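Hi,

Here is the structure I promised to pass on. My notes follow below it.

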Amino acid sequence: MYSKTVIDRFQNPRNAGGMHGANAIGQVGNVACGDIMKMYLKISDNGVIENAKFKTFGCCAAIASTDMACDLIKGKTIDEALKVTNKNILDLLGELPPHKIHCSILAEESIRAAIEDYYKRKEKSIKKANKKVEVDDSNM
Amino acid sequence: MERRIYLDNASTTYVSNDVLTEMLPCFNTIYGNAGSIHSFGRDAMAIVDRARDRVKEAINAQKANEIYFTSGGTEADNWAILGVAHANANRGKHIITSQIEHHAVLNACAQLEKEGFEVTYLSVDEYGLVKLPDLLHEIRKDTTLISIMAVNNEVGTIQNIKAIAKIAHDYGILFHTDAVQAIGSINIDVQDMEIDLLSMSAHKIHGPKGVGALYVKNGVRIDPITFGGENQERGKRSGTENVPGIAGFGKAIEIACRNHIINNRKIKTIREYFLEKLKEKVEYFQVNGHPHQKSNAILNISFYGIEGESIMMLLDLAGIAVSTSSACTSKSLLPSHVLKAMGISDEIAQGSVRFSFGTNISKSDVDYVVDEIAKVVAKLRAISPIQAGRL
């Protein structure tokens, strides 16, 4: 049913666990379908993904897919990471049964969700900074 | 050496030596077609007749000719539902069943719906029991059949079969029960329980796969769903008799029913030991099903915060075979229809695993299994975004 790589990644995930100091966290999926994936990223100021970790509630394929997704985006720039698709994940995993393909799609989405979170946080911090500047101005 | 432990006896069981011994001569010594008139055929028919007697005795049917051999539980269920619905269509086209039936019943009902029948799927309570007031409420003038399983295959809950049969008969409705998981687990007496049709399977009780039977009380109108030779199974079920399988089934059901009390006691001890150990080593789980009106052989547990298939896979890698009905094993992606009907949330239903015990499990096996479960659960919880303690 599962390839050796899938079983290996499921049994010994390389990137499992949360992350202290993550500046981008994305969560996708829902329990009704059986999978929730949470992606934690540490992105440097110049937009390079320095580290990627995950937490997944789900089956063997879901855990293996997110683990592989982390590997695929580590060391890449945001733009490069956004180009990663479920096809890339599947290629590295070997193969998934047809009804498990959605796990790889969800893993792809988790990358996007985390990056979206990164931009949201950035926007917030810029707004905050601007506000601070305004406040400082009025005090003068 | 790698240890292998089988805790999936509700899926299937090994063929016992006694059963195998009963079957072997039927492959190459008594190989005649039971339908042939010559001595080879008569010898084979004698085997079939003896098995039929054994099944009759096991479920206390009035006559042996009320037992019809089939290819297994699924065919027995399909035939009971479709055959009775078709034969009694002139009286009405309404069937009542429950939401927690096996798919052999549910999908036969779905087929009837396509044919223009109406089917009511009764809900169940939190323990998986059909609510009798609901049943009474749903009975109509055109209801011809009520089909409720005796023991649920996922959670082990035992239905109030006798009461349901009584209600059915009060309204002149036929009653079928899927007893595939019940045989060998609870005492079945079709006369005392007033059962009109009862499905059985051999491979759940240390018999061979591919054989089962439907009990049809004499006088019950049922159409065939197989067409062929008219003298097989009294014209009701065509196809050359599976003599080795039937012989094995007869022996298996005889042993299962003879030993059911002693086996149950053994299995109950193991189950209780298992739960006790599990409570010592693992936090945050629940047992699904009825607290006492249940089969001891089936233990359905939801581990909070993690998903069933990944538990099953990690246990499998440790040599332990269990089963899950969670989303990921089936192609539907939806959680178990049984747990859902019992009102269990998706989150908790997704974390369910079924352990089903046989008599050959020792306490040391249980110790090993529980230790492995504790490891597996801790490992998966460490990488789960859902906190088990918060459910």
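**What I found**

In chain A, 60% of the contacts with a separation of 6 or more are between residues 24 or more positions apart, a contact being two residues whose C-beta atoms, placed from the backbone, lie within 7 Å.

Before the rest, some conventions: this is a predicted model, where local features need pLDDT of at least 70 and side-chain atom pairs count only at pLDDT 80 or more, while totals for chains, interfaces and linings use all residues. Residues are numbered from 1 along each chain as its sequence is written, with chains lettered from A and ligands numbered from 1 in the order in which they are written.

Chain A runs α-β-β-β-α-α-α-α from the N terminus, where helices (H or I, at least four residues) and strands (E, at least two) are DSSP runs numbered from the N terminus. Its C-alpha trace spans about 70 × 30 × 25 Å along the principal axes. Of its 140 residues, 44% are buried, that is, with 20 or more other C-beta atoms (placed from the backbone) within 10 Å of their own.

The largest nonpolar core (buried Ala, Val, Leu, Ile, Met, Phe, Trp, Tyr and Cys joined through C-beta atoms within 7 Å) has 162 residues, and Met39(A), Ala213(B) and Tyr215(B) have the most contacts inside it. Helix 2 of chain A (residues 60-73) gives the largest share, ten residues. The core lies between domain 1 (17-258) and domain 2 (260-385) of chain B, because both give residues to it; the bounds come from an automatic or database domain assignment. The C-alpha centres of these two domains are 29 Å apart.

Best wishes

Terms used: A residue is buried if 20 or more other C-beta atoms lie within 10 Å of its own, exposed if 12 or fewer, and partly exposed in between; C-beta atoms are placed from the backbone.
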